[in-house]
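Good morning, and thank you for joining this session. I would ask you to look at the model on the screen while I speak.

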Amino acid sequence: MDEKLLRQSLEELYGHAPCGYVVTDQDDIIVQVNQTFLNWTGYTQSALSSTARFSDLLTAPSRIFYENQYLPLLRMQGHVKEVAFDIVCRDRPVLPVLVNSVQRVVADGFPLLTVSIVFDATDRRRYERELLQARRRAEQLSAVVVAASDGILSMTPEGRVEACNPGAEVIFGRVAREIVGGAMRDLFPLPDSLEFQHILSELQEGRSVHLETTIRQGNDQQLPVSVALAPHLGLLGELTGISAILRDISERRALERMQHEFLAMTSHELRNPLTSIRGHAQMMKRRSEYSESSVNAIITQAGRLDRLVDDLLLASQIEAKRLTLQQSVIDLVAEVRLAVEQIPADGAPIHLETPTDPLPVLADRHRLGQVFANLLTNAIKYSAAESQIRVRVTRRGDFVTVAVSDQGAGIPPEALPHIFSRFYRVTATADQAKGLGLGLYISHRIVEAHGGRISVESQLGQGTTFTVTLPLRDDTSDNIEVQ
Ligand code: ADP
């Protein structure tokens, strides 16, 4: 072959190779570069010739590394492979590259030339970045799975557990090694309406399945759960795995039960006075005459209805944090006396003890009146007909206390922590008197809204004392509205 032609084609190959070639001398001055390198960086041969150093083409961090690590290593071992640098280009963004260098001894070991092959690493950097991001996302996701309170299971296409999160250990009440390897059909029994084969074929079709069931935990306790099964499909649409998310729904079930009981109780409580009102009205119509006792009964029962509806509305206002107070400075002694006087006295008179001087408090008279009426009504409701009820108003420093004591049924100790909860009623006394279990809840919230507190002491079979403590209003310049 013609030698000239061979040299030409080698130069052609060298010049347009899919990588950059850079030759530098021992002072790092660029002696030669190929066309590919010039095309990538946008420099001309003349701009780079003789005075430019390779390090001048690098970004500052790259240059520091190149001068302090790369060159010393190259001089020491004669070659360095695959090191990443960033080249500052003429009219385009920085070019990420991978550089491989070998040192060439030209003659008698001197002078030295460095031949570097430069690869464009743009794609590689992008992949690395994407990989890093994907890894970070995967780590985040697995942190979510670990921290989730839901139980998460990963299963084979046949429904055998391969892995589970700590949430699943809590839900099943078992450690992971007791769950992993178990079959789905043993772990959560299916509702009667569902067959395992049906679930599997839904998943094979790529459809998710939602169900609710009750699982037996490690300690033999039953736990109602919702289960969401999701299929993982392969490239050919085949089922490659199943994931399950199990959620403890015991609170929701308890709430549903409570709502159900509440509806039953409310309708019962509202229907009683309505029935009585209708009965009396029909009787008056039948007899075509006005009966005072029937009219009185109608008025009493309508009042009861009114109070029930009032309590329901007030409870929902409190729940929605919309309880508003219309406060003024009032005399608490007079207020308590009024509440005692307004209570229908069927049994023994209520014994009232108060200081002689007025005790000013900043309060919503109507709401506070409701609190004392609730406590007094309860004291009557949950005591024998003639038993003694005492109300004592006492000043204690900057506070005033109102204690309502009865000698009635008392409250069992285990019920005391729940006594101010919404709709709570003590089972043992629930039949003894009508009620919605809202009075104490409302009273508690009203007293708290006044900056006070309410407490209870009770001995089963001996009696109960509810004590309301309110801050005294020291500012005597305010007018006390006395009833
Ligand atoms: P209600 O009386 O409508 O049931 P409350 O909220 O006023 O609702 O009271 C809640 C429960 O607390 C009552 O059902 C009753 O079991 C108990 N309770 C309240 N006051 C007394 C009391 N003075 N003596 C005994 N039990 C009481």
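I begin with the residue classes: Ala, Val, Leu, Ile, Met, Phe, Trp, Tyr, Cys and Pro count as nonpolar, Asp, Glu, Lys and Arg as charged, and the others, Gly among them, as polar. By that scheme, the shell around the ligand holds 10 nonpolar, 7 polar and 3 charged residues.

Please note that this is a predicted model, in which local features need pLDDT of at least 70 and side-chain atom pairs count only at pLDDT 80 or more, while totals for chains, interfaces and linings use all residues. Residues are numbered from 1 along each chain as its sequence is written, and side-chain values use heavy atoms, with hydrogens and water left out.

Let me stay with the ligand. It is surrounded by 20 residues, where a residue qualifies if one of its heavy atoms lies within 4 Å of the molecule. The closest are Asn378, Tyr382, Asp406, Arg425 and Leu440.

Which polar groups approach the ligand? I use polar contact for a pair of N or O atoms within 3.5 Å; within protein, one must be able to donate a hydrogen and the other to accept it, and residues adjacent in sequence count only if both atoms are side-chain atoms. A ligand nitrogen lies 2.9 Å from an N or O atom in the side chain of Asp406. A ligand oxygen is 2.8 Å from a polar backbone atom of Leu440, and an oxygen of the ligand is 3.2 Å from a polar backbone atom of Gly439. Taken alone, the ligand exposes 530 Å², of which the protein buries 97%; accessible areas come from the Shrake-Rupley method with a 1.4 Å probe, and for residues only the protein chains shown count as cover.

I turn to the elements behind this shell. Helices (H or I, at least four residues) and strands (E, at least two) are DSSP runs, numbered from the N terminus. At least two shell residues each come from α13 (365-381), α15 (439-449) and β17 (463-471). The largest share, 3 residues, comes from α13.

Is α15 enclosed or open? Buried means under 20% relative accessible area, exposed over 50%, and partly exposed in between (1.4 Å probe, protein chains only). Because 8 of its 11 residues are buried, α15 is largely enclosed by the rest of the structure. Those buried residues are Gly439, Leu440, Tyr441, Ile442, Ser443, His444, Ile446 and Val447. They pack against α11, α13, β16 (453-459) and β17, contact meaning heavy atoms within 4.5 Å. Just after α15, Gly451 takes a positive phi of about 80°.

Next, the nonpolar core, defined as a set of buried Ala, Val, Leu, Ile, Met, Phe, Trp, Tyr and Cys residues joined through side-chain atoms within 4.5 Å. The largest one has 47 residues, and Leu332 and Val468 touch the most other members. Here too α13 is prominent by count: the largest share of this core, 6 residues, comes from that helix. Leaving aside neighbours within four places in sequence, Val468 is in contact with Val371, Phe372, Leu375, Val400, Thr401, Val402, Val447, Arg453 and Ile454.

Two backbone angles deserve attention. Most residues other than glycine have a negative phi. Lys321, however, has a positive phi of about 55° although it is not a glycine. Lys321 sits in the loop between α11 (292-319) and β11 (328-331) and is exposed, with a relative accessible area of 73%. Phe423 also has a positive phi, near 65°, and belongs to the loop between β15 (399-406) and α14 (427-430). Phe423 is buried, at 18% relative accessible area.

I close with two residues from other parts of the chain. Met155 is in strand β6 (residues 151-155) and is buried, with a relative accessible area of 1%. Not counting residues up to four places away in sequence, Met155 touches Arg160, Val161, Glu162, Met184, Leu229, Gly241, Ile242 and Ala244. Between Met155 and Arg322 there are 49 Å in space, C-alpha to C-alpha, and the two are 167 residues apart in sequence.

Ser208 lies in the loop between α9 (196-204) and β8 (209-216) and counts as partly exposed, at 43% relative accessibility. With residues up to four places away in sequence again set aside, Ser208 touches Leu229, Ala230 and Pro231.
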